[in-house]
Amino acid sequence: MITGRRTLMKAVRIHAFGHSDVLMYEDAPRPVPGPDEVLVKVQACGVNPIDWKIREGYLEPRAPHRLPLTLGWDVAGTVEESGSLVKRFRKDDAVFCRPDTSRNGGYAEYITVRTTELAPAPRTIPLEQAAGIPLASQAAWMALFEVAGLLPGQTVLIHGASGGLGTFAVQLAKAAGARVIGTTSGKNAAMVKSLGADEIIDHTKEDFSMSVKGVDVVFDTIGGETQAKSWDILRKGGVLVSSVGADEKAAAAHGVLGRSFVLVSNGARLGEIAALVDAGRLGVVVEKVFPLAEAKAAQDLSQAGHARGKIILKVS
Ligand SMILES: NC(=O)c1ccc[n+]([C@@H]2O[C@H](COP(=O)([O-])OP(=O)(O)OC[C@H]3O[C@@H](n4cnc5c(N)ncnc54)[C@H](OP(=O)(O)O)[C@@H]3O)[C@@H](O)[C@H]2O)c1
């Protein structure tokens, strides 16, 4: 639709921070790519905990956003238009990315993204599934290899092994030659095992800190008591990397390392991840696909904290 000189698109935006009732499915201006940007026609958008955390306003003190804001930072689609400096991507190329979370996201028919964040989408899976990959897989990759320095033959314990980060972390660690222990609830044990975990601990029935000792790396996607109990299961000098923030003082008191990280999206890294998907070495577990107009239900499911793999919004 065109009104005046602005072309409109459907998007899910917020005009105020708060509960999921603030999500509005509405018309919004279609963005225009800058010289080094691409306009992506969104096929599908992954839903992640950061979406509801930003919606609730938790990140505003550190990283303020301008309202109205389109949520959703996990995108797969096709190139619609390229900026004047863009050489690597052409119209109709299938692409995916984790866009900059300080800008408008992908709960929309179109999004503009920088080419440095973009990679060709995997060829062997539908774009609808590919939309679940960029954010969680890159966070798992960054945590395991770039922050914790996980090596072949080492043992890693992954907390939240059935979640978005966990399902990728289990597969990536296994593909890298590590021994993998995953914590999850019993209903997800078979799924996590099928991703390559060597051992599963049901966090609803067992206290992992009673049975595990001497691991090289812990990947903590849960925090709180789970993190507090993890220091003692590491070998001396081992490292806990947390996606929700590590207590570095507690780590030092236990003679281990505690590391936090904030995902920096990187198209080259994402390209390597796409290659693993196309080689059949990495897959995406999809919990549920919702239409774009049902973003509220999708976020409520994510916020409940028990997603099994990824939640996806189908846009077109
Ligand atoms: N630092 C960064 O750059 C970064 C990047 C990405 C994500 N994050 C953060 O990392 C966290 C995890 O993200 P995510 O996408 O993986 O979340 P998610 O998909 O919502 O995680 C849900 C999973 O957590 C599991 N779980 C819940 N409580 C558990 C417990 N006590 N022990 C073991 N597993 C438990 C659930 O399994 P059951 O239902 O079986 O219990 C469920 O499968 C979020 O807080 C997110 O915001 C940070």
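These are my notebook entries on a ligand site, the strands beside it and a few single residues.

**Entry 1: the model**

I am working from a predicted model.

**Entry 2: the ligand shell**

I started with the ligand. Which residues are closest to the ligand? I found Lys53, Ser185, His203, His306 and Ala307. They belong to a shell of 26 residues.

I then sorted the shell by residue class. Ten of its residues are nonpolar, 14 are polar and two are charged.

Next I asked which helices and strands each supply at least two shell residues. Helix 1 (49-56), helix 3 (134-147) and helix 4 (164-175) do. Strand 11 (179-184) does as well.

**Entry 3: polar atoms at the ligand**

I looked up three distances. Lys53 places a polar side-chain atom 2.7 Å from a ligand oxygen atom. Asn188 also has a polar side-chain atom by a ligand oxygen atom, at 3.0 Å. Gly160 uses its backbone: an N or O atom there lies 3.5 Å from a ligand nitrogen atom. I also noted the cover. On its own the ligand has 940 Å² of accessible area, and the protein covers 86% of that.

**Entry 4: strand 11 and its partners**

I followed strand 11, since it came up in the ligand shell. Five of its six residues are buried, and I logged the strand as mostly covered.

One partner is strand 10 (residues 155-159). The two run parallel and are joined by five bridges. Leu157 stands opposite Ile181 of strand 11. Between the two strands the chain passes through helix 4, and this β-α-β crossover is right-handed.

Strand 12 (residues 199-202) is another partner. Here I counted four bridges, again in the parallel sense. Gly182 has Ile200 of strand 12 as its bridge partner. Helix 5 (residues 189-194) completes a β-α-β unit with strands 11 and 12, and that unit is right-handed.

**Entry 5: on to strands 13 and 14**

I went back to strand 10 and looked for a further partner. Strand 10 is joined to strand 13 by four bridges, and the two run parallel. His159 has Asp220 of strand 13 as its bridge partner.

How many residues of strand 13 (residues 215-220) are buried? Six of six are.

Strand 13 also pairs with strand 14 (residues 234-242). I found five bridges and a parallel run. Phe219 stands opposite Val241 of strand 14.

**Entry 6: helix 3**

I returned to helix 3, one of the helices in the ligand shell. Why is helix 3 largely enclosed by the rest of the structure? Eleven of its 14 residues are buried, so the surrounding structure largely encloses this helix. The buried set includes Pro134, Gln138, Trp141 and Leu144. After the helix comes Gly149, with a positive phi near 65°.

**Entry 7: backbone oddments**

I checked a proline bond. The peptide bond from Leu67 to Pro68 is cis, with omega near -5°. Pro68 sits in the loop between helix 1 and strand 5 (69-70).

I then looked at Asp92. It has a positive phi of about 80° although it is not a glycine. Asp92 lies in the loop between strand 6 (75-82) and strand 7 (94-97). Is Asp92 buried or exposed? Its relative accessibility is 53%, so Asp92 counts as exposed; the cut-off for exposed is over 50%.

**Entry 8: His203 and Ile14**

I took His203 from the list of residues closest to the ligand. His203 is in the loop between strand 12 and helix 6 (208-211). Its relative accessible area is 45%, so I logged His203 as partly exposed. I also looked up its separation from Glu81. The two are 122 residues apart along the chain, and 47 Å separates their C-alpha atoms.

Ile14 was my last residue. It belongs to strand 2 (residues 6-14). Its relative accessibility is 0%, so Ile14 counts as buried. I paired Ile14 with Glu294, which is 280 residues away in sequence. From C-alpha to C-alpha, Ile14 and Glu294 are 14 Å apart.

Key:
Residues are numbered from 1 along each chain as its sequence is written. This is a predicted model: local features need pLDDT of at least 70, side-chain atom pairs count only at pLDDT 80 or more; totals for chains, interfaces and linings use all residues. Side-chain values use heavy atoms; hydrogens and water are left out. A residue is near a molecule or strand if one of its heavy atoms lies within 4 Å of it. A polar contact is a pair of N or O atoms within 3.5 Å; within protein, one must be able to donate a hydrogen and the other to accept it, and residues adjacent in sequence count only if both atoms are side-chain atoms. Accessible areas come from the Shrake-Rupley method with a 1.4 Å probe; for residues, only the protein chains shown count as cover. Ala, Val, Leu, Ile, Met, Phe, Trp, Tyr, Cys and Pro count as nonpolar, Asp, Glu, Lys and Arg as charged, and the others, Gly among them, as polar. Buried means under 20% relative accessible area, exposed over 50%, partly exposed in between (1.4 Å probe, protein chains only). Two strands pair if DSSP finds at least two bridges between them. A crossover is right-handed if, with the strands pointing away from the viewer, the path from the first strand over the helix to the second runs clockwise.
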